[in-house]
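This report describes how selected secondary-structure elements are arranged. It treats a helix pair and then a sheet.

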Amino acid sequence: MQPPIVDVQKLQKVYRSFSLTGRRRIEAVRGVSLQAFPGEVFGLLGPNGAGKTTLIKMLLGVVKPSGGTAKLFDQPIGSTAARSRVGYLPESLRVDRHHTARSALRYYGRMSGMSSAEIHSRSNELLKLVGLEGRDRESVRRFSKGMYQRLGLAQALLHDPDLLVLDEPTDGLDPVGRNEVRKVIDRLRNSGKTIFLNSHILQEVELVCSRVAILAKGEIKAIGRLDELSHRDEQQLVVEVLADPPESGFAEDRDLGDVVPDWQAIFGDQLNDAIESIQVGGVHRLTIGVDDQEQINWIIDTLRQSNQSICRLQVRRESLEETFMRLVGNDLPGENDLPREPEAAE
Amino acid sequence: MIRPYYAVIADSFHAALSSRILWIAFVAIWIFLAALAPIGYHEDYTTTFRWFDLDNGTQMKAMLARGLVDPKESETALGRIAKTFPDDIKRKLRQVAEGEDVRIDKDALADSLNDSMDDESWYDAEAWRSTVRLRELRELDELADDKITQPERRRRARLRIEAALPGVFTAQSARSITLSYAGFDFPAFFLIGKEQFVSLINQFVVPIMMDWLLGFALIFLGILVTASIIPDMLQPGSLHLLLSKPISRTMLLLSKFIGGCAFIFLCVCQLVIGLWLIAGFRLDIWNPRVLWCIPVAVFLFAVFFSVSLLAGLRWRSPILSIGVTCMFGAFVLVIGFIGGYFDGLVRGPDRIARLAFDSTDIVIATRGGELKYFDESSNAWEDVIEADFRQRDLIVPPIRIAEDKIATAKIRNGRFNLYGSGSLDLLVLDGTDNWSPHPGLRLPNGTRRLFNINGMLVALNNAGLMATTVSKAVSESGVDEVGKFGSAGDGPTRDRLNEDGAGDNEGVDEADENKTLAVEKIGVTAWISDLIRMQGGETEEFRSILPAGVTLTEPLRAAVAGDTGSLVLYSRGRLMRLELPKTDGASMETSAVPAVIAADLLMEDTTAARTTLAASDRSVLLSRAESPVKWLDSTDLATLVEFPTPGDQSIVSAVGLGDSDRFAILTTDGQVHIASRDGDDVTVRLLDQTEVTAIEYDAPNRCLAIAHHIDSIDWVKIDDGGAEDLMVTRTIRPSVSSWRSVDRYLITPLRTMTPQTGELSQTVAALISGESSFVIGGGSSEEQEVIQLKIARPVISCSLFIVVMLTLACISFARHDY
């Protein structure tokens with residue numbers, strides 16, 4: 001196994017502030033440990049105030065940790081060597097108004113220690129990649145938020161970093177733009193880059209990330225591959241069986257209370273969990289928690305033996321959103337829980 | 001690796017160039033330069049008389065009145081000039097001759113003189129032969145009428161008038177500068193030559209522009225524009241990206257700081273280079289030192305920007321940054337103002353200007369017009385004559401005339417008026433009574449120096465040299481009488497003198513004067529003698545000893561040649577050694593024997609350059625501005641050797657060191673040099689004392705007294721070849737008064753801690769003129785003011801301040817979590 005690109009061990013960050021009302025102490029990150037490996041697209045998920053941005057700032061050396069250790073490329077975070085191999089796209093890129101896309105790239109390229117020739121050749125390539133070709137001499141004053149994001153992506157890639165830290169990369173982009181960014185990320189992953197992605201958009205994370213960490217209240221709630229995160233032992237069998245044929249009129253007009261089968265009688269004590277049953281448009285939809293395929297087979301056999309007519313059958317596992325909600329549902333911050341310091345907002 | 005930081009700095013220039021305010025500033029600068037570009041000048045002979053050319057109206061009135069009414073003067077140059085005045089002025093002059101107090105406007109006198117230059121029928125070569133003609137006039141007189149130009153003719157006429165009325169006019173440059181704008185002359189002109197004009201531009205005009213245009217307007221504009229640099233950088237979308245780059249936070253902040261100076265640099269470059277080109281092309285002043293204004297202005301801006309930067313880091317708000325910086329600017333201004341106030345009213349007036357010794361006692365005259373003696377018991381200077389700072393009185397340098405007797409005089413408003421207000425009495429200070437002053441003999445009006453030479457008390461003013469005996473001066477003061485003025489209660493006591501001495505004297509004098517006039521108004525002779533006295537001529541006891549044919553003209557200097565009984569006198573281009581008449585100790589005769597010119601030396605030029613004169617037993621030292629110092633033999637005034645002024649500074653004063661054939665030289669930088677001659681070689685040794693304001697040779701103790709640091713004094717032994725030579729043998733470190741304590745313990749520390757931005761204009765003045773100190777002021781040495789430009793102090797204080805601010809900012813930026 002290759003050594004990790006990002007190696008975080010028990011990282012902590014405590015913000016302290018003083019005011020007339022007294023001292024404030026906010027634990028933004030509480031002993032987070034995670035690793036991201038070469039070629040991975042690592043997603044960082046969490047509600048507002050979970051500590052995601054603080055974690056990213058610590059990785060970039062913008063914020064100093066209060067405890068724990070973290071390394072990028074086996075170098076201490078914040079070191080020049082570590083930072084020179086990182087490309088960062090901030091959540092809301094702000095470029096000084098006197099710049100054009102090209103001059104901004106030249107400026108950021110110089111900041112990364114690139115030569116003029118390198119900047120020139122890479123700029124052409126990246127402006128084309130992010131779709132700003134032809135608008136590179138235009139003042140950024142006229143740029144939309146989406147164009148800023150594209151420019152931000154270009155500057156993050158300019159010095160060909162080994163690790164990309166993308167903070168909400170598709171924020172402000174239209175669906176086409178999002179799709180393009182996803183393609184860029186795919187291409188970068190394929191070229192061996194490691195991507196550290198911070199996003200609110202769960203579907204996007206599901207689409208591009210190979211591993212994710214879910215952060216809530218400064219703690220890692222779960223970390224791993226997407227399929228590892230969903231509860232495999234909590235898969236559900238959804239079965240739709242036809243109700244009795246209607247004698248007159250529409251099924252909705254009938255009093256179904258009398259004709260609902262007694263599922264408890266049909267299945268007996270063989271099922272651990274309760275059966276959810278709802279009547280939907282002339283069918284009964286049963287949602288049954290199952291442990292394994294043998295149990296699924298038994299349920300189907302039992303239904304058929306009790307003359308139930310199965311019209312649809314689906315074995316469903318937990319979605320990322322459900323996993324996320326299951327893990328952080330109780331930790332979602334109320335209005336009073338949100339930290340007031342902007343730095344500690346996430 | 002500096003590439004990233006260079007990028008930050010370059011980016012700041014781009015940001016500045018994209019600022020609309022910068023372009024507005026550029027346009028304003030271009031308009032200003034375009035408005036200034038048509039300025040020009042031309043240099044002409046100084047011909048026209050202006051009211052301020054008339055050094056003393058009273059003297060002129062008296063002189064003209066005499067020329068008008070005295071039959072002896074009817075055919076002299078004075079009489080001929082007096083006749084050219086219009087009838088109404090002549091009528092007034094006659095009234096003056098009759099003793100009436102008639103006011104004649106100086107402008108009217110000057111206009112009449114200007115009118116008389118158009119028709120020179122008043123000129124008679126024979127009449128002017130007896131006048132003292134300056135070299136320039138002699139040369140112009142030699143020109144044939146058909147070869148003289150109109151300006152030269154008018155110049156000649158002016159010089160002839162000046163020769164006819166010696167001592168009346170202020171010494172002015174032969175050339176005048178007239179400024180023009182787009183070909184039109186300004187109504188005013190400068191009575192200065194090109195060289196002085198250049199000095200004026202370099203020492204005053206450019207620093208003032210630096211203060212107002214660069215130091216105030218552009219700095220304020222710069223702060224407005226740059227206040228947003230740091231708050232903008234701290235925006236999350238900008239800062240986090242910058243901090244994620246492989247660069248140092250400290251260097252990033254410093255680069256931003258340097259880049260922030262880009263705005264002011266771009267503006268100042270245009271303004272200063274524009275001014276330099278205009279001065280070069282339009283005024284022929286090609287002084288590349290003017291370009292020093294660029295770095296100094298940027299440096300000045302850096303002081304304020306460092307505050308703005310720290311405030312921006314702390315509060316992340318441009319408005320707060322501007323507010324804090326403005327408050328800081330106001331604080332600096334107030335501290336500077338208070339410091340200037342203390343310099344002008346507390347420190348300045350206390351500076352020792354003159355010293356007189358009697359055994360171990362010492363009496364000093366201060367720049368503020370006070371007379372004090374040192375009280376050993378309290379270790380403090382005690383007042384003999386207090387001064388009112390509004391009056392600008394002048395103390396005639398005190399001199400020891402006998403044991404426990406020091407003579408001086410107080411010229412009320414002497415700084416503004418050659419003759420002061422009211423009459424002038426000799427004050428004899430009594431050492432047995434805490435140097436209490438005793439008014440005595442009437443001194444010739446306008447007396448600027450007193451000398452005690454072999455029992456004679458000599459008074460020098462711009463009209464002549466008058467003498468009485470020391471014994472007469474002492475006896476008239478009543479100091480040695482049993483019932484002294486103070487104890488008898490019927491004379492002016494020290495308290496009266498202290499409160500409003502001049503006013504009281506004036507009342508007494510007026511009564512006395514009326515009495516004199518009443519008695520003497522019996523003939524023309526009486527009027528004339530009174531008029532002569534008004535002009536600073538003889539008084540009842542002080543009789544003229546000036547040799548015939550000698551006319552005194554500023555710059556006027558005199559020094560006693562040790563114990564030889566000679567007085568060395570310099571009068572604008574003429575150096576003389578005068579042997580004074582012997583006295584038997586009794587009163588001078590009514591018609592005193594004039595001094596004899598024992599040696600006479602006419603200089604090659606007769607410029608009005610500022611002059612310093614010193615004499616010892618054997619030698620005379622003569623220093624004129626812009627010329628090497630001359631070391632002359634006191635006997636025949638032959639030049640022994642010439643040497644450059646020590647330390648390339650101007651000489652403020654020099655004193656002969658007794659018989660040691662050495663001179664102590666005080667230069668404008670406040671340091672003392674001991675010049676020794678060995679054949680044709682002059683060696684100069686610098687003494688340790690700094691901030692020296694006065695030097696005096698204490699002959700009985702064979703010491704050089706050096707007054708420094710306002711009111712401290714060191715005595716340096718003068719023992720040529722001895723073991724103690726130039727060793728400090730005695731010091732005075734007086735206790736300070738209440739205001740001085742406030743200055744020392746509160747104001748000075750505050751000024752030290754506050755960056756002295758206001759003083760940077762002095763740095764500019766020094767850089768542009770190439771001189772760190774110079775002398776300004778009138779002809780007599782008492783009216784001169786030594787200006788020592790503070791070059792290093794403001795630079796050091798501002799540099800330290802910037803370093804502290806940037807250090808705090810860098811620490812904050814490096815440690816803060818953003």
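## Helix pair and sheet

Helix 13 of chain B and helix 14 of chain B cross in a right-handed manner. The model is predicted. Two packed helices are described by the angle between their axes and the distance between the axes. For helix 13 (residues 249-283) and helix 14 (residues 293-315) of chain B, the axes come within 9 Å, and the crossing angle is roughly 145°. On the side of helix 13 of chain B, the contact includes B:Phe257, B:Gly260, B:Cys261 and B:Ile264; on the side of helix 14 of chain B, the residues include B:Ala297, B:Val298, B:Phe301 and B:Phe305. Of the residues in this contact, 15 are nonpolar, 1 is polar and none is charged.

In chain A, an open sheet of 6 strands follows the order 6-7-8-3-9-10, and its pairing is mixed. Strand 6 and strand 10 of chain A form the edges, each pairing on one side only. On average, neighbouring strands of this sheet are turned by 15° against each other, direction ignored. Strand 6 of chain A runs parallel to strand 7 of chain A, and 4 bridges join the two. A:Leu89 has A:Leu166, in strand 7 of chain A, as its bridge partner.

Helix 6 (residues 175-190) of chain A packs on the sheet and touches strand 3, strand 7 and strand 8 of chain A. The direction of helix 6 makes about 145° with that of strand 8 of chain A.

The residue ranges of several strands are listed below.

| Strand (chain A) | Residues |
|---|---|
| Strand 3 | 41-45 |
| Strand 6 | 86-89 |
| Strand 7 | 163-167 |
| Strand 8 | 194-198 |
| Strand 10 | 219-225 |

Notes
Residues are numbered from 1 along each chain as its sequence is written. Chains are lettered from A and ligands numbered from 1 in the order in which they are written. This is a predicted model: local features need pLDDT of at least 70, side-chain atom pairs count only at pLDDT 80 or more; totals for chains, interfaces and linings use all residues. Two strands pair if DSSP finds at least two bridges between them. Axes are lines fitted to C-alpha atoms, for helices over the stretch in contact, and angles run from 0 to 180 degrees between N-to-C directions. Two residues are in contact if their C-beta atoms, placed from the backbone, lie within 7 Å. A crossing is left-handed if the near helix is turned anticlockwise from the far one by less than a right angle, and right-handed if clockwise. Ala, Val, Leu, Ile, Met, Phe, Trp, Tyr, Cys and Pro count as nonpolar, Asp, Glu, Lys and Arg as charged, and the others, Gly among them, as polar.
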